[in-house]
Amino acid sequence: MTGSFQFLGPDGFGVYEAGQNGYRRTEGVSDRLLVPGFVDIHIHGAFGIDFMSASSSEMVAKWADRLEEVGYEAFLPTTVAASVESVRQAVDNLPDHPAIAGFHLEGPFLSPLYPGAQPKQWIIDPPQGPSEWDEILEHPKLRVITLAPELPGALALANRLRARGVIVSIGHTNASYLEAQAGEEAGFKHATHTFNAMRPLHHREAGTVGYVLGSDSISCELIYDRHHVCEEAAALLIKLKPPEKLIAVSDGTLAAGLQTGSTVQMWGLTGHVSEGTVRLPDGTLAGSSITLLDAFRNLHADYGPETAIRACCINPRIDLGITRPRVFIELDSKLDIVDRRVRD
């Protein structure tokens, strides 16, 4: 890519000019934005494809190809609470694809009090000894696991997984402030879709939300479709967290990319796509219907380009240890993708 771009470089956000030896900051003006490819560590599906129900590796690869078209460099296909056989089948379908960086195990070790759209019948406590789940928990492609730290056995499992480099995330949880603190001490370093499906902040017991907002070392996911979290709550999160600890996720489902009014079947549940959301018949939000391109545009509009770039392009790759961007995308003044460059 040649010419001048808006870019978040070593000298901060500004206009940089491309040259033979990289980019240098200039005093020029540009309406083009150059960013590393999006990295989504929490996504269940998109474009009519769901990770848990995909029938083949080829279907998962097709999903990955479609995500690359909307700016993705890497993502973690994410499970839901299900039988060990269903999770194993989904994981076995992971193809060898450059955009797939492993998988995120969301469930089944969650609080039954905060299931969200997770199928309640499959929610269980973490294993406290040899278990049929060991194959999944020891899988080399497991990169992130969502756990409720207050459950019996959760802290021991967190310690076990942290020791081999798995990111342990607090989510779908009724943890008190002190239980969340004990979770961090045991190895939790991440919060799954902050505010959603977790014990809220209360002035007499600060809860999970109070703890993760106040911890400078826990990275916080944010679904910024403007439905899961309102602008004012998102602003509070962005204000309180260190800049490197905000991670945008899509929490996307197979509804992403489908038309409003569509009805979808996922995880044994019926969802309705409306106004950029997918909801269960009782109104519960069931994941989102966005990709990170949509989240990037929303964050850019409401909080500026630097927040959007850090949350969607830089911070999640740091968490996953992706040190050198493989993909750069160029966006125009409307934040439409006009070019995608893959580095050797």
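**Exercise 1.** In this predicted model, find the residue of β10 that is the bridge partner of leucine 105, and then describe how β9 and β10 are joined.

*Solution.* Begin with leucine 105, whose bridge partner in β10 is isoleucine 145. Next, turn to the strands as wholes: β9 and strand β10, which covers residues 142-147, run parallel and are joined by four bridges.

**Exercise 2.** Work out the order of the strands in the open sheet of six strands, and explain why β9 and β14 each have one side without a neighbour in the sheet.

*Solution.* First, write down the order, which is β9-β10-β11-β12-β13-β14, and note that the pairing in this open sheet is parallel. Second, look at the edges, where β9 (103-106) and β14 (246-249) stand; each of these has a single partner strand, so one side of each is left without a neighbour in the sheet. Third, consider how the strands are turned: on average, and with direction ignored, neighbouring strands of this sheet make an angle of 30° with each other.

**Exercise 3.** Determine whether the peptide bond from glycine 107 to proline 108 is cis or trans, and place proline 108 in the chain.

*Solution.* Check omega, which is near 15° for the bond from glycine 107 to proline 108, and this bond is cis. Then locate proline 108, which belongs to the loop between β9 and α3 (134-137).

**Exercise 4.** For histidine 172 and aspartate 251, decide whether each residue is buried or exposed, and describe the backbone angle phi of histidine 172 and of aspartate 251.

*Solution.* Start with histidine 172, which is found in the loop between β11 (167-170) and α5 (177-186). Its phi is positive, about 45°, although the residue is not a glycine. The relative accessible area of histidine 172 is 4%, and since buried means under 20%, histidine 172 counts as buried.

Continue with aspartate 251, in the loop between β14 and β15 (263-266). Here too the residue is other than glycine and phi is positive, with a value near 50°. With a relative accessible area of 5%, aspartate 251 is likewise buried.

**Exercise 5.** Describe the space in the largest pocket and the residues that line this pocket.

*Solution.* Take the space first: the largest pocket holds about 220 Å³. The pocket is lined by 18 residues, of which Gly116, Ala117, His193, Leu285 and Gly287 are the closest to its centre. Sorted by kind, the lining residues comprise seven nonpolar, nine polar and two charged. Finally, ask which element gives the largest share of the lining; this is strand β18 (residues 285-288), with three residues.

Key:
Residues are numbered from 1 along each chain as its sequence is written. This is a predicted model: local features need pLDDT of at least 70, side-chain atom pairs count only at pLDDT 80 or more; totals for chains, interfaces and linings use all residues. Side-chain values use heavy atoms; hydrogens and water are left out. On a 1 Å grid over the protein atoms alone, a cavity is a set of points where a 1.4 Å probe fits but cannot get out, and a pocket is an open set with protein on both sides within 12 Å along at least five of seven lines; lining residues have an atom within 4 Å of a point. Grid points are joined across faces, edges and corners, and a volume is the space filled by probe spheres set on the points. Helices (H or I, at least four residues) and strands (E, at least two) are DSSP runs, numbered from the N terminus. Ala, Val, Leu, Ile, Met, Phe, Trp, Tyr, Cys and Pro count as nonpolar, Asp, Glu, Lys and Arg as charged, and the others, Gly among them, as polar. Two strands pair if DSSP finds at least two bridges between them. Axes are lines fitted to C-alpha atoms, for helices over the stretch in contact, and angles run from 0 to 180 degrees between N-to-C directions. Buried means under 20% relative accessible area, exposed over 50%, partly exposed in between (1.4 Å probe, protein chains only).
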